[in-house]
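Visitor: I'd like a close look at a single part of this model. Could you walk me through one helix and its surroundings?

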Number of protein chains: 2
Amino acid sequence: MTSSDPARAKAPRRKRRKRRPRLPDSAAATRVEILKSAACAFRRLGYHGATVAKIAAALHMKKGNLYYYFRNKEEILFACHQYSLDRLLELLEQIEQSDLGPDERLRRLIVTFVHTILDELHGTALFLDLEALGPGHLKMVIARRDEFDRGMRLILQEGIRGGLFEQTDAKLLSFAILGAVNWIPRWYNPDGPASSQEIGDRFADYLIAGLRHA
Amino acid sequence: MTSSDPARAKAPRRKRRKRRPRLPDSAAATRVEILKSAACAFRRLGYHGATVAKIAAALHMKKGNLYYYFRNKEEILFACHQYSLDRLLELLEQIEQSDLGPDERLRRLIVTFVHTILDELHGTALFLDLEALGPGHLKMVIARRDEFDRGMRLILQEGIRGGLFEQTDAKLLSFAILGAVNWIPRWYNPDGPASSQEIGDRFADYLIAGLRHA
DNA sequence: GCTTGCGCTGAACGCTCGTTCAAACTACGT
DNA sequence: ACGTAGTTTGAACGAGCGTTCAGCGCAAGC
């Protein structure tokens, strides 16, 4: 017996949601498979360029079947973002609870960020195709993205206040770092000479060196 | 009989080109207006998300009129890339012909790059929506992009060889720099606190500082 | 006033895509 | 063997898109 269904009572906040099919647990693995295929297609072709038929074909499915697992295409995109943000915020929290110094925090953040994006998310650049999200989903994703931004900025400010880093605008710095990292999927080639570990290390070297006092 | 008759016999090399409308000179200004509107829409919505109707509406036109100036949507995208690459390669050549040192070369490249992208191209991130280009156009754009890449890498290698910059992989460095810069349009707000000049300066400070010897 | 050609429009066309759904298939408990 | 719940499919639909084109307004030249 399923225990009491939450949020069934009223929920006057939102428009009446269509009933969710309520999939069994065995479907979870397939859902993730779809997410990976979708993320890959979104990255290569953009949200509107990637058709549901292509996303399904990469898994040897027909497109109709995707609607057994997701309500629509936009929900797939949203789920991709949630999946990525889960990993990244989890990483951030780990670092915040550690007792490392600002430079070591930043290094771990960059190295693991690169590793996560390249190896686990198959090159899903973060913060992509945001405009295709519906207003409600967009708000959620932006809120969590800002949370990550803020965490990174805190590390930078900590380093600046402690005199470890040069005194500059932490906001611009964080944009520069995130830009360099988020751009990686555009040129990364898994069969190329540089491994994800190596890229993460070199990027961390470079991006942290620029912060230090001359 | 496999001779290559360039005129009309069979022309197996290229598909038969449709007649080019050959517009009068007065149309050149409107063409650029369309390019700017299109670039803006492509950036915000992606190539497939930006409809020709929206591109036209921003100029108070109807979509049919765009086909008086361009053969199709893909040609508009291609023209956007050519326009950007013209500016950027022009900038690169200016720098190469100067007698500045590697660090000053790189500074000028970054500062002017940022300024050009933000103020002149209205945030057209370079190398965007490449997958939407036809094979022929794609080849041209990639060739010119590589030319720019190579120019930047040369500056870096020059600095490394001269002992001014730390010894690392120039390719990865150039990717990091281009990523940081190309990501700017994603967060830049023209009405925000930071001007394009200021952003260019701070980015150049940071990105060059990371190269110097410790 | 008439012609000419540029700039532009409205309507129409195919085509592709997202989405729906009834039916079919599969694996398993009884 | 049968029923049932989980999963997949094929076909169909409607909307929206890129593209075409005949034709209209209009300004300049004769």
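Visitor: Which residues in H9(A) are buried?

Guide: Happy to help. This is a predicted model, in which local features need pLDDT of at least 70, side-chain atom pairs count only at pLDDT 80 or more, and totals for chains, interfaces and linings use all residues. Residues are numbered from 1 along each chain as its sequence is written, while chains are lettered from A and ligands numbered from 1 in the order in which they are written.

In H9(A), the buried residues are Ile199(A), Gly200(A), Phe203(A), Ala204(A), Tyr206(A), Leu207(A) and Ile208(A). Buried means that 20 or more other C-beta atoms, placed from the backbone, lie within 10 Å of the residue's own. Helices here are DSSP runs (H or I, at least four residues), numbered from the N terminus.

H9(A) covers residues 196-209, and its 14 residues should span 20 Å at 1.5 Å a residue, which agrees with end C-alpha atoms 20 Å apart. The expected span is 1.5 Å times one less than the number of residues.

What do those buried residues pack against? Within chain A, they meet H5 (102-120), H7 (170-182) and H8 (184-187), and H7 of chain B joins them.

That leads to the chain pairing. In all, 33 residues of chain B are in contact (C-beta atoms, placed from the backbone, within 7 Å) with 33 residues of chain A. On chain B's side, H1, H7 (170-182), H8 (184-187) and H9 (196-209) each give two or more residues, and H7(B) gives the most, with 8 residues.

Terms used
Two residues are in contact if their C-beta atoms, placed from the backbone, lie within 7 Å. A residue is buried if 20 or more other C-beta atoms lie within 10 Å of its own, exposed if 12 or fewer, and partly exposed in between; C-beta atoms are placed from the backbone.
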